[in-house]
Amino acid sequence: MDLKSGYPFWAVKNGLLATFPQLTHDHQCEVAVIGGGITGALIANELSQHGHHVVVVERRDIGWGSTAASTALLQYEIDTHMTELAERYGEANAVLAYRACAESIFELEALALELEDVEFERQQSLYYASSGEDVASLKEELLLRQKHGFKASWLERATLLERYGFDAPGAILTELAARMDPYRMAYQLFGKITTRGSKVYDRTKVERMTRHGEYIALTLTNGATLNCQQVVVAAGYESQAWLPEPVAKNRSSYAFITDPLTPDMLGELKHTLVWESARPYLYLRTTQEGRLLVGGDDDEQDIPKRRDERVLEKAQGLADKIKMLWPSLTINPTFSWAGTFAETCDGLPYFGPHDSHGPNVHFAMAYGGNGISYSMIGAKLLRALIEGKPHPLAELFSFKRHI
């Protein structure tokens with residue numbers, strides 16, 4: 001499956017940061033992680049850090065799938081409003097999910113401090129009403145967040161125009177958000193786990209998975225076998241191929257990045273993630289060197305060739321939207337790309353075993369707009385399951401809720 005099109009900025013900027021061997025011989029381990037992106041990296045790091053012997057296998061080069069195409073807006077705000085989750089699963093569960101996402105940003109920050117430069121930087125998040133019709137629902141959302149201690153405030157139209165330089169009916173301003181380079185973090189984490197004795201193999205594809213007594217055998221396309229006690233399928237949007245039926249819908253999202261802009265031109269955007277209430281939504285953030293990274297205009301295209309053909313047109317459409325909001329900005333799509341992403345019906349991820357594979361095969365499906373935050377949560381959740389310990393989100397983020 002081709003997960004990206006065009007020229008994703010992280011891969012262009014960083015290149016191939018390290019090489020890992022291909023697994024060509026029979027091997028065994030405690031936990032096998034299928035997938036070498038940021039989700040697999042966070043999970044493998046969490047497990048190896050706590051004494052588990054992990055082997056990671058990735059069919060491409062490390063980080064070369066969806067991670068290279070990620071725009072890495074780190075938020076506690078889930079694509080589905082807290083008010084909507086409360087109606088579906090109860091207020092306590094909705095708050096639990098949002099709080100876990102908030103805690104994940106602090107955890108990612110602490111992890112970033114342990115690594116070499118991964119461009120982690122705290123930001124604010126500005127969630128604006130795309131039209132006047134959305135104001136009431138956003139204000140209702142704000143009240144529920146404030147009720148449960150989330151630091152957020154409402155900005156009126158005049159304040160938005162004065163501070164952020166664009167016109168919108170109103171917005172929720174959240175203090176807790178961040179940005180980072182997910183591609184670089186994935187490489188740094190995989191390098192870290194190898195120093196603990198765990199192994200990372202790329203260009204290594206799993207063909208089938210079979211159970212043999214207490215062990216699970218992963219047969220590779222080259223004929224070698226990896227025997228393990230536990231499996232974590234963290235293959236991003238390709239993970240659904242291991243399930244009898246899909247639990248999410250694959251879509252395509254488009255993005256571009258500009259040449260560096262001056263701090264004066266960026267103003268408050270320099271330390272603010274911006275996204276809107278319309279669905280699909282326009283979103284943007286800056287990079288460490290002052291580039292503007294813009295994404296959105298999602299569609300239901302899931303055929304790579306057709307997605308490839310749309311990249312330049314979609315990038316120009318996104319640039320036109322930014323120019324309408326900020327006519328004074330110089331918008332030049334220097335690099336543009338598209339990537340596959342998946343949406344669940346409720347905006348929540350899936351972590352844990354599926355009935356079709358038994359209790360020792362766990363899935364890490366960090367699907368949605370804040371997938372990296374979900375992956376950080378999932379790393380701890382899956383470690384708890386593997387160690388036979390409880391986790392407060394184990395049931396809510398399990399396949400039990402899938403209908």
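Let me start in strand 11, residues 225–233, where Gln230 is found. Strands here are DSSP runs of E of at least two residues, helices are runs of H or I of at least four residues, and both are numbered from the N terminus. Before going on, the model is a predicted one: local features need pLDDT of at least 70, side-chain atom pairs count only at pLDDT 80 or more, and totals for chains, interfaces and linings use all residues. Residues are numbered from 1 along each chain as its sequence is written, and side-chain values use heavy atoms, with hydrogens and water left out.

Back to Gln230. Is Gln230 buried or exposed? Gln230 has a relative accessible area of 12%, so it is buried. Buried means under 20% relative accessible area, exposed means over 50%, and partly exposed is in between, with a 1.4 Å probe and protein chains only. The side chain of Gln230 has a polar contact with the side chain of His362, at 3.0 Å. A polar contact is a pair of N or O atoms within 3.5 Å; within protein, one must be able to donate a hydrogen and the other to accept it, and residues adjacent in sequence count only if both atoms are side-chain atoms. Not counting residues up to four places away in sequence, Gln230 touches Glu30, Val31, Ala32, Pro359, Asn360, His362 and Ile386. Contact here means heavy atoms within 4.5 Å.

Next, Glu387, in the segment after helix 11, which covers 371–386. Glu387 is partly exposed, at a relative accessible area of 25%. Leaving aside neighbours within four places in sequence, what is Glu387 in contact with? The answer is His50 and His52. With His52 there is a polar contact between the side chains, at 2.8 Å. Glu387 and His52 are 335 residues apart along the chain, and their C-alpha atoms are separated by 9.8 Å.

Now the strands. Strand 5, residues 121–128, is mostly covered, with six of its eight residues buried. Strand 5 pairs with strand 7, residues 170–179, in the antiparallel sense over seven bridges. Two strands pair if DSSP finds at least two bridges between them. Within that pairing, Leu126 has Leu173 of strand 7 as its bridge partner. Strand 5 also pairs with strand 13, residues 272–276, in the parallel sense over five bridges. There, Tyr128 is matched with Glu276 of strand 13 as bridge partner. As a general point, side chains in a regular strand alternate between the two faces of the sheet.

On to the interior. The largest nonpolar core has 86 residues, and those with the most contacts inside it are Phe120, Met185, Phe190, Val232, Tyr374 and Phe397. Helix 5, residues 91–114, gives the most to this core, with eleven residues. A nonpolar core is a set of buried Ala, Val, Leu, Ile, Met, Phe, Trp, Tyr and Cys residues joined through side-chain atoms within 4.5 Å. Met185 touches Ile38, Leu108, Ala112, Leu115, Val118 and Met180, again not counting residues up to four places away in sequence. A second, separate core of 31 residues includes Val231, Tyr350, Phe363 and Tyr367.

Then helix 10. What span should the 22 residues of helix 10, residues 304–325, have at 1.5 Å a residue? The expected span is 32 Å, and the end C-alpha atoms are 31 Å apart, which agrees. That expected span is 1.5 Å times one less than the number of residues. Helix 10 bends by about 45 degrees at Val311; the bend is the angle between axes fitted to the seven residues ending at a residue and the seven starting there. Val311 is also one of the buried residues of helix 10, which include Arg307, Lys314, Leu318 and Ile322. An α-helix has 3.6 residues a turn, so residues three or four places apart point the same way.

Arg310 is in helix 10 too. Arg310 is partly exposed, with a relative accessible area of 32%, and its side chain makes a polar contact with the side chain of Asp299, at 2.9 Å.

Last, some backbone details. Ala72, in the loop between helix 3 (66–69) and strand 4 (73–75), has a positive phi near 50 degrees. Ala72 counts as buried, at 3% relative accessibility. Pro280, in the loop between strand 13 and strand 14 (283–286), is joined to Arg279 by a cis peptide bond, with omega about 0 degrees.
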